[in-house]
Amino acid sequence: MNETQTTVLIIDDDDAFRKLLEIRLRRILGQPAITQCNSLAAARKTLDGLRGKEVERFDLVLLDQHLTDGTGVDLLREGWFTDLAVLSVSSDPSPEVPGATIGAGATYFLSKVQVTEPLFEPLVRGSIERNRLQRELQRARLEMAVIDSVKTLVNT
């Protein structure tokens with residue numbers, strides 16, 4: 001991918017599925033730094049610990065929709081991932097789940113079965129690239145705002 005290490009956050013309460021994700025991600029990405037949370041409470045604690053610190057943001061978030069202490073939609077609505085492409089996953093076959101998930105802010109929805117299919121790799125790579133480009137765009141906007149401020153100060 002890139003010379004920087006890819007960072008991944010997996011939020012899922014199924015130990016076997018988290019292990020499967022880890023294996024698939026390592027096959028796709030090499031040696032990503034993977035943070036795993038098995039509940040919403042653990043995810044909130046992890047994310048809250050990152051606030052206000054100079055910690056590299058996650059390149060990829062994989063979020064289960066049915067956890068022991070709530071739903072992934074709950075976490076999405078809290079605004080933790082507003083500038084990130086989030087891959088939402090679920091084994092729930094209900095047609096309402098993908099719509100609710102996307103409506104709450106996830107970028108993509110996958111059935112857990114699709115993680116083993118060929119589509120998963122380009123979706124992972126595309127999501128990571130989208131997140132990196134989004135960060136570059138935010139940095140460029142900030143730099144432009146600074147330049148505009150300096151221009152204004154010089155003119156006055």
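These are my notebook entries on charged and polar residues in a predicted model.

**Ground rules**

I number residues from 1 along each chain as its sequence is written. Because the model is predicted, I take local features only at pLDDT of at least 70 and side-chain atom pairs only at pLDDT 80 or more, while totals for chains, interfaces and linings use all residues, and side-chain values use heavy atoms, with hydrogens and water left out.

**Entry 1: the chain as a whole**

I looked up the secondary structure and found 5 helices and 5 strands. I took helices (H or I, at least four residues) and strands (E, at least two) as DSSP runs, numbered from the N terminus. Along the sequence the pattern reads β-α-β-α-β-α-β-α-β-α. The C-alpha trace spans about 60 × 30 × 30 Å along its principal axes.

I then checked burial: 38% of the 156 residues are buried. Buried means under 20% relative accessible area, exposed over 50%, and partly exposed in between, with a 1.4 Å probe and protein chains only.

For contacts I used heavy atoms within 4.5 Å. Of the contacts between residues at least 6 apart in sequence, 70% join residues at least 24 apart.

**Entry 2: salt bridges around lysine 112**

I counted 8 salt bridges. The rule asks for a side-chain nitrogen of Lys or Arg within 4 Å of a carboxyl oxygen of Asp or Glu.

One of them joins lysine 112 to aspartate 12, with the closest N and O atoms 3.0 Å apart. This pair links distant parts of the chain, 100 residues apart: lysine 112 sits in the loop between β5 (108–111) and α5 (120–155), and aspartate 12 in the loop between β1 (7–11) and α1. Lysine 112 counts as buried because its relative accessibility is 13%. Aspartate 12 is buried too, at 0% relative accessible area. I also noted that Asp12, Asp64 and Lys112 are linked in a network of salt bridges.

Lysine 112 has another partner: it lies over the face of phenylalanine 17, at 4.5 Å from the ring centre. A charge sits over a ring if NZ of Lys or CZ of Arg is within 6 Å of the ring centre and within 35 degrees of the ring normal.

**Entry 3: two arginines of helix α1**

I looked at arginine 18, which meets aspartate 15 in a salt bridge of 2.6 Å, N to O. Both residues lie in helix α1, 3 residues apart, about one turn of the helix. Arginine 18 is buried, with a relative accessible area of 10%.

Arginine 24 is also in helix α1 (residues 15–29). What is the nearest side chain of opposite charge to arginine 24? I found glutamate 121, 5.9 Å away, and arginine 24 is buried yet has no salt bridge. For charge, Lys and Arg count as positive and Asp and Glu as negative, while His and the chain ends are not counted. Leaving out residues up to four places away in sequence, arginine 24 touches Val115, Thr116, Glu117, Phe120 and Glu121.

**Entry 4: aspartate 59**

Aspartate 59 lies in the loop between α2 (40–50) and β3 (60–64). I recorded it as buried because its relative accessible area is 1%.

Which residues does aspartate 59 contact beyond its neighbours within four places in sequence? I listed Gln5, Thr6, Thr7, Ser127, Ile128, Asn131, Arg132 and Arg135. For isoleucine 128, the C-alpha atoms are 5.2 Å apart in space, although the two residues are 69 apart in sequence.

The side chains of aspartate 59 and arginine 135 meet in a salt bridge of 2.4 Å, N to O. The pair links distant parts of the chain, with arginine 135 in helix α5, 76 residues from aspartate 59. Arginine 135 is buried, as is aspartate 59.

I also found a polar contact of 3.3 Å between the side chains of aspartate 59 and arginine 132. A polar contact is a pair of N or O atoms within 3.5 Å; within protein, one must be able to donate a hydrogen and the other to accept it, and residues adjacent in sequence count only if both atoms are side-chain atoms.

**Entry 5: asparagine 131**

Asparagine 131 is in helix α5 and counts as buried at 1% relative accessibility. A polar atom of its side chain lies 2.7 Å from the backbone oxygen of aspartate 59. Beyond four places in sequence, asparagine 131 is in contact with Asp59, Leu60, Asp83, Leu84 and Ala85.
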